[in-house]
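User: Please take a close look at one part of this model for me. I would like the surroundings of one buried threonine, then how the rest of the chain fits around that.

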Amino acid sequence: MILIVLSVVLLLVVGGCVCVVWAGRGGPPWTRAVATATLAAGELVRTSRRSGGNRGGGDPDGSSDG
């Protein structure tokens, strides 16, 4: 079951990347909409990784011994 979910997520990511490239080359209007959504989702993931990455106050790799 998890393999199916991961496969669907992978296909969505690859499809979004294809739409970003296609829209950059002047594709149809729907590719621009998908590309915008893909880039917004990527920015959201990037922002969430930055804000949540260093909460523990320790080393970035999670080790607490110095």
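Analyst: The answer starts with the threonine and works outward.

This is a predicted model, so local features need pLDDT of at least 70, side-chain atom pairs count only at pLDDT 80 or more, and totals for chains, interfaces and linings use all residues. Residues are numbered from 1 along each chain as its sequence is written, and side-chain values use heavy atoms, with hydrogens and water left out.

Start at Thr-31. Thr-31 sits in helix α2, residues 29-52. Helices here are DSSP runs of H or I with at least four residues, strands are E runs of at least two, and both are numbered from the N terminus. The relative accessible area of Thr-31 is 0%, so Thr-31 is buried. Buried means under 20% relative accessible area, exposed means over 50%, and partly exposed is in between (1.4 Å probe, protein chains only). Leaving aside residues up to four places away in sequence, Thr-31 touches Cys-19, Trp-22 and Ala-23. Contact means heavy atoms within 4.5 Å.

Take Cys-19 next. Cys-19 is buried as well, at 8% relative accessible area. What is the closest cysteine sulfur to that of Cys-19? It belongs to Cys-17, 9.5 Å away, which is too far for a bond. A disulfide needs a pair of cysteine sulfur atoms within 2.5 Å. The whole structure has 0 disulfides. Cys-17 is in none, with Cys-19 holding the nearest cysteine sulfur. Cys-17 is partly exposed, with a relative accessible area of 45%.

Now Trp-22, another contact of Thr-31. Trp-22 counts as partly exposed, at 40% relative accessibility. Rings of Phe, Tyr and Trp (its six-membered ring) pair if their centres lie within 6.5 Å; planes under 30 degrees apart count as stacked, over 60 as edge-to-face and the rest as tilted. By this rule there is 1 aromatic pair. It joins Trp-22 and Trp-30: the ring centres are 5.5 Å apart and the planes stand at 90°, so the pair is edge-to-face.

Move along helix α2 to Leu-39. Leu-39 is exposed, with a relative accessible area of 54%. Leu-39 and Gly-16 are 23 residues apart in sequence, yet their C-alpha atoms are 8.5 Å apart in space.

Helix α2 also carries a salt bridge. It links Arg-46 with Glu-43, and the closest N and O atoms are 3.0 Å apart. The rule is a side-chain nitrogen of Lys or Arg within 4 Å of a carboxyl oxygen of Asp or Glu. The structure holds 1 such bridge. Both residues lie in helix α2, 3 residues apart, which is about one turn of the helix. Arg-46 is partly exposed at 43% relative accessibility, and Glu-43 is partly exposed at 36%.

Finally, the whole chain. It has 2 helices and 0 strands. Of its 66 residues, 9% count as buried. Its accessible surface is about 5,500 Å², and 67% of that belongs to carbon and sulfur atoms. Areas come from the Shrake-Rupley method with a 1.4 Å probe, and for residues only the protein chains shown count as cover.

One nonpolar surface patch includes Met-1, Leu-6, Val-8 and Val-13, and its residues have about 1,100 Å² of accessible area together. Patches take residues with over 30% relative accessible area and no salt bridge; like charges are joined within 9 Å, and nonpolar side chains (Val, Leu, Ile, Met, Phe, Trp, Tyr) within 5 Å. Val-8 lies in helix α1, residues 2-24. Val-8 is partly exposed, at 44% relative accessible area.
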